[in-house]
Amino acid sequence: MASLFDKFKQMVFGHSILTPRVLQSHIIENFKEGKKESSLLHHVYYPTSFIIFLESSDFERLKQHFPGIFSDTVDEFVRLLANEISDGNYIPHSRKWRFQFIKVTEGMLFQGNAINLPSGNVLIVSTLYPKGEEPKGTNTVVVTRTKDGTMGRSFEINPELLNDISEKGEFIYERKLIVIPQGGGNDSNVGMQKPSKASLTFISNGTFIGGMKSIGLFEPKVMVCGKSGIPGAGIQIVHMDDVMVNNPHFIIYENTYDGTFTIEAKAGLTLNGKNITGSSEMLPDGSLIVVANKYQLRFSVIQKNTEGNFFSMLISKIFSK
């Protein structure tokens with residue numbers, strides 16, 4: 001019978017030169033295979049925690065790229081999920097994305113076996129939940145590929161076997177909120193969402209989380225933030241894909257009595273050419289909003305009884321830990 005270490009030796013992603021993009025592609029393939037093997041008929045499950053073992057020279061060469069790899073890869077995970085998840089009542093099974101990069105040094109032991117990882121190779125161990133969050137009995141998902149790319153397989157491993165991996169270090173990255181834009185882009189899902197009352201559309205550079213240029217506004221209070229924000233009852237959180245955008249940067253309020261809108265600028269903002277930073281103004285249909293002198297957004301009111309409201313497909317939901 002093959003030992004656990006023999007199985008691990010088959011789990012090595014291989015490439016002659018390990019670049020940031022190549023490493024990212026291996027993590028994404030790991031995610032895709034884990035999602036494929038873990039999902040059920042009516043529930044989507046996918047890895048959210050990744051332990052990434054790298055040969056020491058590769059680790060030192062790539063470590064400056066780890067924050068960017070983490071951020072960009074999680075954004076790709078979100079984009080992939082948005083294309084599949086259409087149920088407005090969807091709740092993520094985990095509340096956190098987590099990457100941990102491990103440098104393999106000479107004599108390093110994993111489960112009592114020495115790890116021999118050649119340069120250009122990477123071993124990725126992924127789990128449905130980050131350590132400490134997983135429900136009792138949750139299996140670890142390990143997705144594999146041989147050096148020539150001809151094999152992909154997974155093994156069930158007791159999560160307790162990973163306890164000897166250090167939980168402390170500067171090369172651990174977490175995003176405490178999982179953001180899944182609902183509806184992806186499938187017209188058949190329109191009727192499943194709350195109707196959008198207005199929309200925000202990028203008319204220059206920039207996107208919302210998930211690569212979207214337009215997003216529907218469906219709650220009476222909408223907070224427009226950077227890549228994180230604080231949700232609350234009756235509040236919609238809209239995320240611009242920029243860590244430098246404030247949280248929140250501005251807030252849009254709907255007057256439910258007459259259908260008018262107001263904008264409150266919490267940080268640098270111009271409305272129709274007027275600097276309104278730190279104040280509130282009426283927000284007319286067709287207004288041009290400029291965020292931090294960088295992004296131009298068009299605000300549009302969606303007329304009642306309009307058929308084919310495609311903005312309702314672009315609703316975002318956010319779930320906090």
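Between which two strands does the loop that holds Pro248 lie? The loop runs between strand E14 (235-239) and strand E15 (250-254). The legends below describe close-up views of a predicted model.

**View 1. A cis peptide bond precedes Pro248.** The bond joins Asn247 and Pro248, with omega at about -5°. Pro248 belongs to the loop that links E14 to E15.

**View 2. The whole chain, for orientation.** The predicted protein has 321 residues, and 49% of them count as buried. Its secondary structure consists of four helices and 22 strands. Where contacts join residues at least 6 apart in sequence, 64% of them bring together residues at least 24 apart. The exposed surface comes to about 15,400 Å², of which carbon and sulfur atoms supply 51%.

**View 3. Helices H2 and H4 cross at roughly 35°.** Helix H2 covers residues 20-38 and helix H4 covers residues 66-82; their axes come within 10 Å. The crossing is right-handed. On the H2 side the contact is made by Pro20, Leu23, Gln24, Ile27, Ile28, Phe31, Lys32 and Lys35. On the H4 side, Ile69, Asp72, Thr73, Glu76, Phe77, Leu80 and Leu81 take part. By type, the residues of this contact divide into nine nonpolar, two polar and four charged.

**View 4. The largest nonpolar core contains 28 residues.** Leu23, Ile52 and Phe101 touch the most other members of this core. Two or more residues each come from H2, strand E2 (49-55), helix H3 (56-62), H4, strand E3 (97-104) and strand E6 (121-127). H4 gives the most, with eight residues.

**View 5. Ile52 and the residues around it.** Leaving aside residues up to four places away in sequence, Ile52 touches Leu23 and Ile27. Its other contacts are with Phe99, Gln100, Phe101 and Ile102, and with Val122, Leu123 and Ile124. Ile52 and Leu23 are also among the three residues named as touching the most other members of the largest core.

**View 6. Another nonpolar core lies apart from the largest one.** This core has 26 residues. Among them are Ala198, Phe202, Ile289 and Leu297.

**View 7. Asn272 has a positive phi.** Its phi is near 50°, in a residue other than glycine. Asn272 sits in the loop between strand E17 (269-271) and strand E18 (274-275). Is Asn272 buried or partly exposed? Its relative accessibility is 46%, so Asn272 counts as partly exposed.

**View 8. Ala292 also has a positive phi.** The value for Ala292, again a residue other than glycine, is near 55°. The loop between strand E20 (288-291) and strand E21 (295-301) holds Ala292. Because its relative accessible area is 42%, Ala292 falls in the partly exposed class.

**View 9. Thr19 and Gly120, separated by 101 residues in sequence.** In space, the C-alpha atoms of Thr19 and Gly120 are 8.7 Å apart. Thr19 lies in the loop between strand E1 (12-14) and H2. With a relative accessibility of 28%, Thr19 counts as partly exposed.

Note on methods. Residues are numbered from 1 along each chain as its sequence is written. This is a predicted model: local features need pLDDT of at least 70, side-chain atom pairs count only at pLDDT 80 or more; totals for chains, interfaces and linings use all residues. Side-chain values use heavy atoms; hydrogens and water are left out. Axes are lines fitted to C-alpha atoms, for helices over the stretch in contact, and angles run from 0 to 180 degrees between N-to-C directions. A crossing is left-handed if the near helix is turned anticlockwise from the far one by less than a right angle, and right-handed if clockwise. Contact means heavy atoms within 4.5 Å. Ala, Val, Leu, Ile, Met, Phe, Trp, Tyr, Cys and Pro count as nonpolar, Asp, Glu, Lys and Arg as charged, and the others, Gly among them, as polar. Buried means under 20% relative accessible area, exposed over 50%, partly exposed in between (1.4 Å probe, protein chains only). Accessible areas come from the Shrake-Rupley method with a 1.4 Å probe; for residues, only the protein chains shown count as cover. A nonpolar core is a set of buried Ala, Val, Leu, Ile, Met, Phe, Trp, Tyr and Cys residues joined through side-chain atoms within 4.5 Å.
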